[in-house]
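Here is a short briefing on a two-chain model. It starts with one chain, then turns to the other and to how they meet.

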Amino acid sequence: MSSTPPSDLDPASATPLTEGAQRELTRLCIQTGLLLMQHGAESALIENLSRRLGETLGVDRVEMGVFANSLVLTTLSERHCITTVRRSEDRGINMHVVIEVQRALLAVEAGTLDADGYRARLEAIRPFHYPRPLTSLAIGLSCASFARLAHADWTGCGVVLVASSVAMFLRLHVARLHFSPVVNFFFTAFVATSLAGLSEPLKLGGTPKLALAACVLLLVPGFPLINGVSDMVKGYMSTGLARLAYATILSAASCAGIILAMTLWNLWGLP
Amino acid sequence: MIALGLLENVFFAAIPAVGFGMAFNVPARILGWCALGGALGRGLRFLLVEAGLPVPWATLLAAAAVSWLGVWAAQRLHAHPKVFTVAAVIPMVPGVPMYTTLIALSQIQREGITNERLATALTSGLNASFIVAALAVGLAVPGLFVFRKRPVV
């Protein structure tokens with residue numbers, strides 16, 4: 001990494017970028033895209049923010065390719081191109097990171113942050129996580145609300161609250177052990193269905209089938225599903241298809257977990 | 001009766017919107033917008049369905065309304081609307097129809113096909129897919145019609 005004086009990246013200076021400065025700027029642009037991609041931003045946002053950063057900090061154009069799990073980015077300045085590729089590994093959905101990256105970019109556009117300041121701010125982002133017990137309880141309450149919206153009785157909602165909270169806690173724990181999400185969703189669906197299935201032999205509430213349906217709703221892959229359609233509508237077909245395929249695989253894993261629990265404990269029946 | 005139903009929908013939609021917002025690590029200061037969006041979406045959909053609109057179309061309009069709220073809030077929060085609109089439309093995800101489809105299909109696989117099982121699987125499955133598609137397209141409405149060239153934030 002060549003060390004360049006910050007004045008080279010000053011958007012106000014009319015002098016063309018040195019090669020070192022352009023190289024550094026290219027790295028910053030793809031780092032921006034990579035952070036967004038790893039934490040669940042849609043493709044249009046990834047491309048838009050990377051391009052705006054490059055153009056604000058002085059390259060003529062930024063071209064970007066967004067793929068299912070990698071990014072390609074080229075900056076063009078004074079007829080010099082620099083291209084770089086990054087492989088992206090999924091870090092889990094984290095909207096806090098997406099917001100921080102966007103606000104750093106807005107500060108650059110407002111002129112209050114230069115390239116060095118922007119890099120420092122990106123490096124300082126520490127993904128925020130809610131405490132696991134709190135998230136688990138909130139998700140338990142959410143699934144209980146779904147049960148209520150589907151006209152389950154209050155006892156049934158209580159069953160869902162317990163089953164979904166425990167399942168979500170396990171899911172977050174298993175995710176921290178770096179198991180594949182597919183394994184995780186299968187396991188979580190099995191545990192949630194088994195726990196909610198206890199309401200039938202224990203005679204808890206009059207709507208045991210609705211409890212079974214609501215307790216696994218924490219596994220609906222909302223982000224891949226919505227980002228997938230959203231990417232496809234905006235013309236990013238390949239990432240859109242990839243996201244939808246991922247959502248399908250996760251749902252299939254959940255279905256397998258549900259069906260296994262139903263078969264083992266004989267819980268069959270339509271809600 | 002409608003007022004009671006509306007109140008129930010609004011209240012029980014705000015909870016999962018916040019819950020899923022937390023699962024997506026939406027910062028605490030923005031969780032209120034998740035709740036508001038969730039309540040708006042589900043409440044509006046309830047009213048539209050009561051007025052006689054089919055559920056998928058009502059979902060489309062409700063999701064578009066949530067997305068517009070998202071645009072309005074995004075410009076004040078300096079954050080992309082998707083940051084909280086995705087959590088806000090989660091309460092409209094057709095969980096029970098999806099589940100019913102799964103159970104009906106696996107009963108067909110295990111115990112053989114009957115007209116009743118096939119009908120349940122098809123109607124629930126179609127219902128669920130139309131609603132999910134309506135949700136996603138509804139969320140994209142501001143981007144498709146107004147923010148075509150310029151970014152929201």
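Two residues count as in contact if their C-beta atoms, placed from the backbone, lie within 7 Å. On that basis, take the contacts in chain B between residues at least 6 apart in sequence: 71% of them join residues at least 24 apart. The model is predicted.

**Chain B overall**
- Chain B has 6 helices and 0 strands.
- Along the sequence, the pattern reads α-α-α-α-α-α.
- Chain B has 153 residues, and 55% of them count as buried.
- Taken along the principal axes, the C-alpha atoms of chain B fill a box of roughly 55 × 40 × 30 Å.

**Helix α3 of chain B**
- This helix covers residues 55–77 of chain B, 23 residues in total.
- From first C-alpha to last, α3(B) reaches 32 Å. That is close to the 33 Å expected at 1.5 Å a residue.
- Buried residues of α3(B) include B:Ala58, B:Thr59, B:Leu60, B:Ala62, B:Ala63 and B:Ala64.
- Further along α3(B), B:Val66, B:Ser67, B:Gly70, B:Ala74 and B:Leu77 are also buried.
- An α-helix has 3.6 residues a turn, so residues three or four places apart point the same way.
- What covers the buried residues of α3(B)? The cover includes α2 (28–50), α4 (82–89) and α6 (115–145) of chain B.
- B:His78 follows α3(B), and its phi is positive, near 55°.

**Domains of chain A**
- The domain assignment splits out domain 1 (6–123) and domain 2 (132–265) in chain A.
- The centres of domain 1 and domain 2 of chain A, taken over C-alpha atoms, are separated by 36 Å.
- Domain 1 of chain A puts 9 residues into the contact, and domain 2 of chain A puts in 10 residues.
- On the side of domain 1 of chain A that touches domain 2 of chain A, 5 residues are nonpolar, 3 polar and 1 charged.

**Where chain A meets chain B**
- How many residues of chain A are in contact with chain B? There are 43 residues of chain A, set against 42 residues of chain B.
- Several helices of chain A each supply at least two residues of the side that touches chain B. They are α2 (43–56), α3 (95–109), α5 (132–149), α8 (208–215), α9 (222–233) and α10 (237–265).
- The largest share of that side of chain A, 9 residues, comes from α5(A).
- By residue type, the side of chain A that touches chain B divides into 29 nonpolar, 10 polar and 4 charged.

Notes: Residues numbered from 1 in each chain as written. Chains lettered and ligands numbered in written order. Predicted model: local features only at pLDDT ≥ 70, side-chain atom pairs only at ≥ 80, totals over all residues. Helix = DSSP H or I, 4+ residues; strand = E, 2+ residues; numbered from the N terminus. Nonpolar A, V, L, I, M, F, W, Y, C, P; charged D, E, K, R; others polar. Expected span 1.5 Å × (residues − 1). Buried ≥ 20, exposed ≤ 12 C-beta atoms within 10 Å, placed from the backbone. Domains from an automatic or database assignment.
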